[in-house]
Amino acid sequence: MLYLADTGGPLAQTGEKALKDQAPNGAAAETELLQSPAELEEIQELLKEAVASEPSLRLLPKFGMARAGSPDFHRTYFAIHCTCGTAGLVCIETAKSKTLSQVEDALPSLKQHLVGRAKQFASMPCSMHTSMRSAGIQASMPGSGGG
């Protein structure tokens with residue numbers, strides 16, 4: 001997983017204040033709007049567009065792992081598939097306090113992470129994928145000692 005976190009330090013507060021101070025009087029409301037936290041759907045759309053050239057990655061907009069991780073993060077999930085039938089899951093977490101502008105600034109890094117994970121998955125031999133699937137099935141079976 002890749003995290004885009006918010007340190008909330010004085011530098012971030014100073015930066016926001018500077019943006020408001022630089023805005024013309026009529027643009028104060030617009031600057032405030034630009035500084036509001038990004039919505040999950042906006043983040044998903046940015047990420048989807050960023051990886052549009054990667055056919056191996058498919059956005060799962062409605063997917064959500066039940067109460068996984070911190071409630072302070074938006075989670076965006078992508079599926080990765082192999083011809084052997086194995087599917088992988090990649091998650092990008094973005095702090096809910098991040099603005100759309102901040103997410104856009106981090107987009108190259110987020111895309112690089114997603115593409116890197118997809119390539120890593122694709123470079124695995126199908127025998128390893130099968131082994132991973134079998135291990136997951138065995139761990140979930142009663143009496144297997146894994147669950």
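Which residues does Ile80 touch, not counting residues up to four places away in sequence? In this predicted model, the partners are Ser56, Leu57, Thr86, Ala87, Gly88, Val90, Arg117, Ala118 and Phe121. That list is a good way into the core.

Ile80 is among the residues with the most contacts inside the largest nonpolar core. The others named with it are Leu47, Leu57, Phe78, Leu107, Leu110 and Leu114. The core has 20 residues. Five elements each supply at least two of its residues: helix H3 (40–50), strand S2 (57–60), strand S3 (73–81), strand S4 (87–95) and helix H4 (100–123). H4 gives the most, with 7 residues. Such a grouping fits a broad trend: in soluble globular proteins, nonpolar side chains tend to be buried together.

Now take the strands. S3 is mostly covered, with 8 of its 9 residues buried. S3 pairs with S2 in the antiparallel sense, over 4 bridges. Here Leu59 stands opposite Phe78 of S3. S3 also runs antiparallel to S4, and 9 bridges join these two strands. Thr76 has Ile92 in S4 as its bridge partner. The hairpin of S3 and S4 has 5 residues between the strands. Within that hairpin, Gly85 takes a positive phi near 100°.

S3 also takes part in an aromatic contact. The structure holds 1 aromatic pair, formed by Phe63 and Tyr77. The geometry is edge-to-face, with 4.9 Å centre to centre and 75° between the planes. Phe63 lies in the loop between S2 and S3, while Tyr77 sits in strand S3, 14 residues apart. The two rings differ in exposure. Phe63 has a relative accessible area of 36%, so it is partly exposed. Tyr77 is at 4% and therefore counts as buried.

Next come the cysteines. How many disulfides does the structure hold? The count comes to 0. The sulfur of Cys84 has its closest cysteine sulfur in Cys82, at 3.6 Å, which is too far for a bond. Cys126 gives a parallel case: its closest cysteine sulfur is also in Cys82, at 3.6 Å, and again this is too far for a bond. Because a disulfide needs sulfur atoms within 2.5 Å, neither contact qualifies. Cys84 is partly exposed, with a relative accessible area of 25%. Cys126 is partly exposed too, at 35%.

His129 touches this region as well. Its place is in helix H5 (residues 126–140). Is His129 buried or exposed? It is buried, because its relative accessible area is 0%. Beyond four places in sequence, His129 touches Cys82, Cys84, Thr86, Phe121 and Met124. Thr86 and Phe121 are also on the contact list of Ile80.

Finally, turn to the loop between S4 and H4, where Lys96 is placed. At 37% relative accessibility, Lys96 counts as partly exposed. Leaving aside neighbours within four places in sequence, Lys96 is in contact with Pro37, Ala38, Pro71, Asp72, Phe73 and His74. Lys96 and Leu40 are 56 residues apart in sequence, and their C-alpha atoms are 8.3 Å apart in space.

Technical notes: Residues are numbered from 1 along each chain as its sequence is written. This is a predicted model: local features need pLDDT of at least 70, side-chain atom pairs count only at pLDDT 80 or more; totals for chains, interfaces and linings use all residues. Side-chain values use heavy atoms; hydrogens and water are left out. A nonpolar core is a set of buried Ala, Val, Leu, Ile, Met, Phe, Trp, Tyr and Cys residues joined through side-chain atoms within 4.5 Å. Buried means under 20% relative accessible area, exposed over 50%, partly exposed in between (1.4 Å probe, protein chains only). Contact means heavy atoms within 4.5 Å. Rings of Phe, Tyr and Trp (its six-membered ring) pair if their centres lie within 6.5 Å; planes under 30 degrees apart count as stacked, over 60 as edge-to-face and the rest as tilted. Two strands pair if DSSP finds at least two bridges between them.
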